Amino acid sequence: MADNFRVIFVGLAEGADSQAVTNALTEKLKTSPEKVAAFFNGKPLFAPSNKEKALKQAKLLSTLGIKSKLQQTAPTQATSQKAHDSQRDQRLFDALDYITSSLIRLEEKLEDIEQRLPEVELSLPDENNEVWEDDDLMLDEPLSTEPKKRGNLVLYSLISTAVILLIVLALYLLFPNLFSF
C-alpha cells in the first residue's frame, strides 16, 4: 500500500500579505476563509493523498506565496479495517467451504441410504398376504391403497436450503453494509 502524505503549513513567503494570500487561496480552492485560517493555524486543508498529489498541492500553495512541507501520515484506520475485512472474508470462505463439504457428505449418505432402502424392503416379510374370508362386508374396491412413492423430498429440501444459504452468503459478501447489526 502506498504511503499517504499531508501538506502542512510552514509560513508565508517573504513579502506576502496574509490577507491577500487568504483571499487568493479561498478563491483558488473555492473554500471558506475560516478553513484557510485553520490551515494557517496548523489544521490540514487537504485530505491525505499519495506523494505525487501532495507535491502538486504544495506546488499550488507555493505559487500563492505559502511555504509548506509534506508530512507522512501514520497508517490509517482504513488500513486496519481492510486487514480486518480480509480476515473476515477468509473466515467466511472457510465457513462456506465447510458448509459445501458437509452438504456433499450429506448427499453421499442420502444416496447410500436410498440404495440400501429397496434391499431392506425386500428382506422384510410381507404382512399383507393374509387370507380373508369371502364375506358380504368386503367391498369391490380395495380398502387400502398403496402409498405414493415419496421421492427425494429430503434431498431436495437439503439442496434448496444450501442454495438459499449460498444466496444469503453471496448477498452478504457483495453488500456487507446491508447486514450491519
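Here are five short exercises with worked solutions on this predicted model.

**Exercise 1. Get your bearings**

Task: Work out how many helices and strands the protein has, and what pattern they follow along the sequence.

Solution:
- Start with the count: there are five helices and two strands.
- Next, read along the sequence, and the pattern comes out as β-α-α-α-β-α-α.
- Then turn to burial: 17% of the 181 residues are buried.
- Finish with the contacts: of those between residues at least 6 apart in sequence, 75% join residues at least 24 apart.

**Exercise 2. The aromatic cluster**

Task: Describe how Phe-9 pairs with Phe-39 and with Phe-40.

Solution:
- The structure has three aromatic pairs, and two of them are taken up here.
- For any such pair, look at the distance of the ring centres and the angle of the planes.
- Phe-9 and Phe-39 sit 5.7 Å apart, centre to centre, with 65 degrees between the planes. An angle over 60 counts as edge-to-face, so this pair is edge-to-face.
- That pair links distant parts of the chain, since Phe-9 belongs to strand β1 (residues 5–12) and Phe-39 to helix α2 (residues 33–40), 30 residues apart.
- Both Phe-9 and Phe-39 are buried.
- Phe-9 and Phe-40 have 4.8 Å between centres and 50 degrees between planes, which makes a tilted pair.
- Here too distant parts of the chain are linked: Phe-9 in β1 and Phe-40 in α2 are 31 residues apart.
- Putting the rings together, Phe-9, Phe-39 and Phe-40 form one aromatic cluster.

**Exercise 3. The two sides of α2**

Task: Find which residues of α2 are buried, and say why they lie on the same side.

Solution:
- The buried residues in α2 are Val-36, Phe-39 and Phe-40.
- Check Phe-40: its relative accessible area is 19%, and because buried means under 20%, Phe-40 qualifies.
- These buried residues lie on the same side of α2 because they cover an arc of only 100 degrees around the axis.
- Now look at what covers them: the elements include β1, α1 (18–29), α3 and β2 (66–72).
- Turn to the face pointing away from the buried side, and you meet the exposed residues Glu-34 and Lys-35.
- After α2 comes Gly-42, with a positive phi near 110 degrees.

**Exercise 4. Two residues in one loop**

Task: Decide whether Phe-46 and Ser-49 are buried or exposed, and list what they touch beyond four places in sequence.

Solution:
- Place Phe-46 in the loop between α2 and α3; Ser-49 is in the loop between α2 and α3 (51–63) as well.
- Phe-46 has a relative accessible area of 15%, so it is buried.
- Ser-49 is also buried, at 8%.
- Leaving out neighbours within four places, Phe-46 contacts Arg-6, Val-7, Leu-29, Gln-57 and Leu-61.
- One of these partners, Arg-6, is 40 residues away along the chain, yet its C-alpha atom is 7.0 Å from that of Phe-46.
- With neighbours up to four places away set aside, Ser-49 touches Asp-3, Asn-4, Phe-5, Ala-54 and Gln-57.

**Exercise 5. A nonpolar patch outside**

Task: Identify the residues of the nonpolar surface patch and test whether Leu-174 is buried or exposed.

Solution:
- Begin with the whole surface: the protein exposes about 15100 Å², and carbon and sulfur atoms supply 57% of it.
- The patch consists of Tyr-156, Ile-159, Val-163, Ile-167, Leu-171, Leu-174, Phe-175 and Leu-178, with about 810 Å² of accessible area together.
- Leu-174 lies in helix α5 (residues 153–174).
- Its relative accessible area is 61%, so Leu-174 is exposed.

How values were computed: Residues are numbered from 1 along each chain as its sequence is written. This is a predicted model: local features need pLDDT of at least 70, side-chain atom pairs count only at pLDDT 80 or more; totals for chains, interfaces and linings use all residues. Side-chain values use heavy atoms; hydrogens and water are left out. Rings of Phe, Tyr and Trp (its six-membered ring) pair if their centres lie within 6.5 Å; planes under 30 degrees apart count as stacked, over 60 as edge-to-face and the rest as tilted. Helices (H or I, at least four residues) and strands (E, at least two) are DSSP runs, numbered from the N terminus. Buried means under 20% relative accessible area, exposed over 50%, partly exposed in between (1.4 Å probe, protein chains only). Contact means heavy atoms within 4.5 Å. Accessible areas come from the Shrake-Rupley method with a 1.4 Å probe; for residues, only the protein chains shown count as cover. Patches are made of residues with over 30% relative accessible area and no salt bridge: like charges are joined within 9 Å, nonpolar side chains (Val, Leu, Ile, Met, Phe, Trp, Tyr) within 5 Å. A salt bridge is a side-chain nitrogen of Lys or Arg within 4 Å of a carboxyl oxygen of Asp or Glu. The arc is that of the directions from the helix axis to the C-beta atoms.
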